[in-house]
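Good morning, and thank you for coming. I would like to take you through one structure today, beginning with its ligand and then turning to its open and enclosed spaces.

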Amino acid sequence: MKRRKFVKNTLLGSMAALIGTEIVFGSSMLEGYEPLALQDSDPFKMFGLDKEMVVLNDKPWNIEAKAHLLDDKITPNKSMFIRNNGIIPENIDSSKWTLTIEGESASQKKVYTLDELKSKFKQHTYQLTLECGGNGRSEFNPPAKGNQWTVGAVSCAAWTGVRLRDVLEDVGIKSNAVYIGYHAADKHLSLDPKKEPISRGAPMEKALQDETLLAFSMNGEPIPLSHGYPLRLVAGGWPASVSGKWIHTISIRDKEHDGTKMKGTAYRIPCESVAPGAEVKDEDMCIIESMPVKSLITYPKSGAVIKKSKKLSIRGHSWAGELEVKKMEYSIDFGATWQNCPVEQPANRLAWQHFSTEITFPKKGYYEVWARATDSNGVAQPMLLPGWNPKGYLNNACHRIAVKVY
Ligand SMILES: Nc1nc2c(c(=O)[nH]1)N[C@H]1C(S)=C(S)[C@@H](COP(=O)(O)O)O[C@H]1N2
Ligand SMILES: [Mo]
């Protein structure tokens, strides 16, 4: 007779973490059985999401928006993408939360409570564009492994917090400082407490910018748990992986930070472009810094239908990493010709910029509206897929919607 197989201990542990407490008779559960508490976990209720958000992965949770859900000027929680590398921390007591600043290039080690951070330093609010480095990955060929983001792994919320610079200066930065690295409270999928799901950072220059925040509020409320409650780093314009959620420690490093997902193909691309599918040597890979120029049509939805006698209103947002968007255009002839489209100034540096215009179509039939942004260096979005890279980062191809005119 074949022996019945029971759930492995490591899996039991991760299920317990998701449920938030020990599964007392877990060792009696058969392999492949999923506790009801997990079967029932409805991400839309759990995270307060719009029903049209798309779950790409539930272990860990990775959820993206559809273009039309990002129509608001300031992204609300309900349509903000969620990207996790590990397991969301449980049972956070914000009154006991501390932030430790340490590292080879910190003049001292210093620990702050949240209250100390809030009262000791001036608070600032900025709208900051956060785009996952892998947004658009699903279009790459050969396909790149990882969450198959389409267009919805981008957001621009209003973040309130204190400047990372003010806190680092309060601690004291040694002259040999080159990088900061964050450490956070989420758990590795293996539940091995010695492993971090992610620990990234940024060069001092980015860490010391006015807009780089240690944030405790998002859109005027405490940050939702899924977005980093009670404290997160926010570094707009760079791959959102730099913006560590649930952070408890920041290290001031005397070298490039070497935490989890700083090396290999993680958040790095070939320094020079390579042929699709090519093997790239480790020393030929460069860390992604400022994100490339990009735009998204958030109204109407692709598939819009309009009468020939009417004009079509379109609108959306554009952004350009550390830079500004200087020009916005649209095309209704697959990129053969481009028309100017007014674009607003950003609310502040590193916030996305809104565009809108009205389009008249020459005759009845099928059209596509393509949008193209150009940054302040004169660099425009590519019409189709940009350079291939092993992990499928930085797809900033023109967004397009289908329109039928009758
Ligand atoms: N601690 C921690 N911080 C993290 C991550 C994570 O998995 N753990 N994911 C990063 C990545 S890859 C992205 S794209 C953003 C996503 O932020 P959001 O979920 O608030 O939209 O968080 C970043 N910060
Ligand atoms: Mo990301």
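Let me begin with a term: a polar contact is a pair of N or O atoms within 3.5 Å. With that in mind, please note that this is a predicted model, and that the values I quote are computed from it.

Let us look first at ligand 1. Which side-chain atoms of arginine 232 lie 2.7 Å from an oxygen atom of ligand 1? The partner is an N or O atom in the arginine 232 side chain. Aspartate 186 also takes part through its side chain, from which a polar atom lies 2.6 Å from a nitrogen atom of ligand 1. Serine 243 contributes through its backbone instead: an N or O atom there is 3.0 Å from a nitrogen atom of the ligand. Taken alone, ligand 1 exposes 540 Å², and the protein buries 100% of that area.

How many residues surround ligand 1? There are 18, and the closest are Phe81, Asp186, His227, Arg232 and Lys245. By class, this shell has 8 nonpolar, 6 polar and 4 charged residues.

I turn now to the enclosed spaces. The structure holds 3 cavities of 30 Å³ or more. Where does ligand 1 sit in relation to them? The space that ligand 1 takes is the largest cavity, which holds about 270 Å³. Its lining is made up of 23 residues, with Arg83, Arg232, Ala240, Ser243 and Lys245 nearest the centre. Arg232 and Ser243 have already appeared as partners of the ligand, through the side chain of Arg232 and the backbone of Ser243. Strand S3 (82–83), strand S7 (154–163) and strand S8 (179–184) each supply at least two residues of this lining. The lining divides into 12 nonpolar, 7 polar and 4 charged residues.

The second largest cavity holds about 100 Å³ of space. Of its 16 lining residues, Thr129, Trp319, Ala320, Gly321 and Leu350 lie nearest the centre. Here the classes are 10 nonpolar, 4 polar and 2 charged.

Next, the open spaces. The largest pocket has a volume of about 610 Å³. It is lined by 27 residues, and those nearest its centre are Leu18, Leu38, Met46, Asp58 and Trp61. Which helix gives the most to this lining? Helix H1 does, with 5 residues. Helix H1 (9–19), helix H2 (36–39) and helix H3 (43–47) each supply at least two residues. In the lining of this pocket, 18 residues are nonpolar, 5 are polar and 4 are charged.

Finally, some remarks on the backbone. A cis peptide bond joins tyrosine 229 and proline 230, with omega about 5°. Proline 230 is found in the loop between strand S11 (221–222) and strand S12 (232–234). Another cis peptide bond joins tyrosine 299 and proline 300, where omega is about -5°. Proline 300 lies in the loop between strand S16 (294–299) and strand S17 (304–306). Lysine 261, a residue other than glycine, has a positive phi near 75°. That lysine is in the loop between strand S13 (247–253) and strand S14 (268–270).

To close, I return to the ligand: ligand 1 takes up the largest cavity, and the protein buries 100% of the area that the ligand exposes when taken alone. Thank you for your attention.

Technical notes
Residues numbered from 1 in each chain as written. Chains lettered and ligands numbered in written order. Predicted model: local features only at pLDDT ≥ 70, side-chain atom pairs only at ≥ 80, totals over all residues. Heavy atoms only, no water. Near = heavy atom within 4 Å. Polar contact = N/O pair within 3.5 Å; in protein donor to acceptor, adjacent residues only side chain to side chain. Areas by Shrake-Rupley, 256 points an atom, 1.4 Å probe, with all protein chains shown as cover. 1 Å grid on protein atoms, 1.4 Å probe; cavity = no way out; pocket = protein on both sides within 12 Å on 5 of 7 lines; lining within 4 Å. Sits in = over half its atoms within 2 Å of the grid points. Nonpolar A, V, L, I, M, F, W, Y, C, P; charged D, E, K, R; others polar. Points joined across faces, edges and corners; volume = space filled by probe spheres on them. Helix = DSSP H or I, 4+ residues; strand = E, 2+ residues; numbered from the N terminus.
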